[in-house]
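Thanks for sharing this one. Here are some notes to read beside the coordinates, in the hope that they help you find your way around.

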Amino acid sequence: MSNDNQPQDLQLKLRNITKEDIDQLTELMDRVYDDLGGAWPKESLALLIKQFPEGQIVIEDRGKIIAGALSVRCSYNRFTRAHTYDDLIGKRETFQHDKQGDALYGLDLFVHPDYREYRLGRRLYDARKEICIQLNLRSILAGGRIINYYKHAEELTPKQYIESVRKREAYDPILSFQFANDFEVKRILRNYLPDDQRSKGFATLLEWINIDFEPEEEYLSAENFRKRSVRVSVVQWQMRPNQTFEDWLTQVEYFVDSMADYTADFILFPEFFNAPLMGLGNQENQYEAIRFLAGFADKTIEAISGYAVAYNINIIAGSIPEMDGDTLYNNAYLCRRDGSVEVQPKLHITPHERRDWVIEGGNSLQAFDTDAGRVGILICYDVEFPELGRLLRDEEIDILFVPFWTDTKNGFLRVQRCAQARAIENEVYVVIGGSVGNLPQVQNVDIQYAQSAVYSPSDFAFPHDAIIAESTPNTEMALIADLNLDQLYEVRDKGSVTNGKDRRLDLYSLVLRKKATNALKESE
């Protein structure tokens, strides 16, 4: 992943294109499409944005547009037949957008050369798929250039070349990428872009089928779209000796890469999952050993944030000890796939952490907005305090993540049973993840006990035991589960019991004192 030319400290944002973006957009298209005449006229782009705003997407980094995708709606029956790119263009280079069209047609997709290692193309394709689902369209169609065909044109027909790319005997940057994103070749298009010398004028008609397509149903508009299903993954982390920081980081990236291949929205790592790095230092003084571990915090967070962007997955970095001045905290980090990073400190410190490591509890509790819903994080011991889960539910979270580290089964059972209680009483999904194995060379992290899991409220819409997924105890593995948010909202409204609606707020209330204090200061 390391590359001196890659941008650092990314802050990515995926959004719709506005008229104010046109200058940046044309500049980027001129750079990417220098072999095909560059950008469309600004007037054409302005009209496209006006006609079909939800179909035009960009990714920006701190306000700079670095990638984009243009689309129109079209007739499925018309554009699954032979056509050329010019059939999508009307007089004066205006795009042929059919507002009654039952398919989405991908016109252009482009990524700034300096950002091509961050898999932004996949992110744009995923956004197009969501738009297709939101608008209840039959499929996504696209005419795809085969830009390496010129290297094989003398010995392979276009059909043979496409098949060799499918079998990975040949590589084509565009077609290989489209195959990896679940597109299938529907037919070969001749003279699609006659000036495309690299493709010899040929293109593939690609299709991604929307299996949720229902002709008779009305769906939410793009502006009101929210995810109905969220895929979470948990790493039941094996504690093992590492020779270097890079050795440990390779293990982290392996799991991130694997879960990204399963298109997970989140991956959860356990509390103290970087504890093996303590073995690289002196173990004679535990006070100094944990502070040695804290010395890795900055580059750990930087690396994991980079993985979140590159693999397009939100990462919850279980917990990482970190110094703030002379004070040591145990912090969990949410590394979003847009490049932003948030922190949730552990609030309640166990007697062991306080006595042997002199860790202090943090003072902030917050819910986090993500592109896959609103979530909260409670580190291990914190989940045993029901007030925190209730406060987060009042902040409208849907998923609570609990990274934990326990050495014995009775310690694990405290976390497990409290996590299940939080799921039931707050009507949220709770995801817990712990570590397994042993570290005989690291004092106070000798043994681990864990059984990671995903819990639901207890009602008819969910599994009979309110356990959506559960790992094998004390075995390194990854857990994947799909969480249906519609079921969650339904049980809150009309479940067998409705804990949230039935609270006796006339008798009791719960207030986070720090927020109450801040509100008081603001009113003075």
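The points below go from confidence to the sheets, then to the hairpin and the helix pairs.

1. Please keep in mind that this is a predicted model. The pLDDT averages 90 over the chain, and 94% of the residues reach at least 70. Two stretches deserve a cautious eye. Residues 217-225 have pLDDT below 50, and beyond near neighbours in sequence this stretch makes 13 contacts in the model. Residues 516-524 also stay under 50, and for them the model shows 1 contact beyond four places in sequence. Where pLDDT is low, the predicted coordinates should not be read in detail.

2. One open sheet is built from 7 strands, ordered β1-β2-β3-β4-β5-β7-β6, and its pairing is mixed. At its edges lie β1 (12-16) and β6 (184-189), each of which pairs on one side only. Going between neighbouring strands of this sheet, the average turn is 25°, with direction ignored.

3. At the β6 edge, it is worth looking at the partner strand. β7 (residues 203-209) pairs with β6 in the antiparallel sense, over 5 bridges. To find the register on screen, start from E184, which stands opposite E207 in β7.

4. Which strands does helix α1 lie across? Helix α1 (residues 22-32) lies across β2 (57-61), β3 (64-74) and β4 (103-111). Relative to β3, the direction of α1 is at about 90°.

5. Helix α1 also packs with helix α2 (residues 42-51): their axes are 10 Å apart, and the angle is about 120°. That angle makes α1 oblique to α2, and the crossing of the two is right-handed. On the α1 side the contact is made by I22, D23, L25 and T26, which meet K42, L45, A46 and I49 of α2. Sorted by class, this contact of α1 with α2 holds 5 nonpolar, 1 polar and 2 charged residues.

6. A further open sheet has 6 strands in the order β13-β14-β15-β16-β18-β19, again with mixed pairing. Its edges are β13 (368-370) and β19 (467-470); each has a single partner strand, so one side of each is left without a neighbour in the sheet. The twist from one strand to the next averages 20°.

7. At the β13 edge, the partner is strand β14 (residues 373-377): the two run antiparallel and are joined by 3 bridges. Here F368 stands opposite V375 in β14. Helix α12 (residues 409-426) packs on this sheet, where it touches β15 (399-403), β16 (429-433), β18 (453-455) and β19. The direction of α12 makes about 165° with that of β16.

8. What do β11 and β12 form? They form a hairpin with 5 residues between the strands. Strand β11 (residues 327-335) pairs with strand β12 (residues 341-345) in the antiparallel sense, again over 5 bridges. C335 has V341 in β12 as its bridge partner. In the turn, G339 has a positive phi of about 100°, a detail you may like to check on a backbone plot.

9. Next come α5 and α6. Helix α5 (residues 158-166) packs against helix α6 (residues 173-180) at an angle of about 55°, with 10 Å between the axes. That makes α5 oblique to α6, and α5 passes α6 in a right-handed crossing. The residues that meet are I162, V165 and R166 from α5 and L175, S176 and F179 from α6. By class, the contact of α5 with α6 has 4 nonpolar, 1 polar and 1 charged residues.

10. Last, how do α7 and α9 cross? The axes of helix α7 (residues 245-261) and helix α9 (residues 297-310) come within 11 Å and cross at roughly 30°. With angles under 35 degrees counted as roughly parallel, that makes α7 roughly parallel to α9. The crossing of α7 with α9 is right-handed. From α7, the residues F245, W248, L249, V252, E253 and V256 meet K299, T300, A303, I304 and Y307 in α9. The class count for this contact of α7 with α9 is 8 nonpolar, 1 polar and 2 charged residues.

How values were computed. Residues are numbered from 1 along each chain as its sequence is written. This is a predicted model: local features need pLDDT of at least 70, side-chain atom pairs count only at pLDDT 80 or more; totals for chains, interfaces and linings use all residues. Side-chain values use heavy atoms; hydrogens and water are left out. Axes are lines fitted to C-alpha atoms, for helices over the stretch in contact, and angles run from 0 to 180 degrees between N-to-C directions. Helices (H or I, at least four residues) and strands (E, at least two) are DSSP runs, numbered from the N terminus. Angles under 35 degrees count as roughly parallel, over 145 as roughly antiparallel, 65 to 115 as roughly perpendicular and the rest as oblique. A crossing is left-handed if the near helix is turned anticlockwise from the far one by less than a right angle, and right-handed if clockwise. Contact means heavy atoms within 4.5 Å. Ala, Val, Leu, Ile, Met, Phe, Trp, Tyr, Cys and Pro count as nonpolar, Asp, Glu, Lys and Arg as charged, and the others, Gly among them, as polar. Two strands pair if DSSP finds at least two bridges between them. pLDDT is the predictor's confidence in each residue, from 0 to 100.
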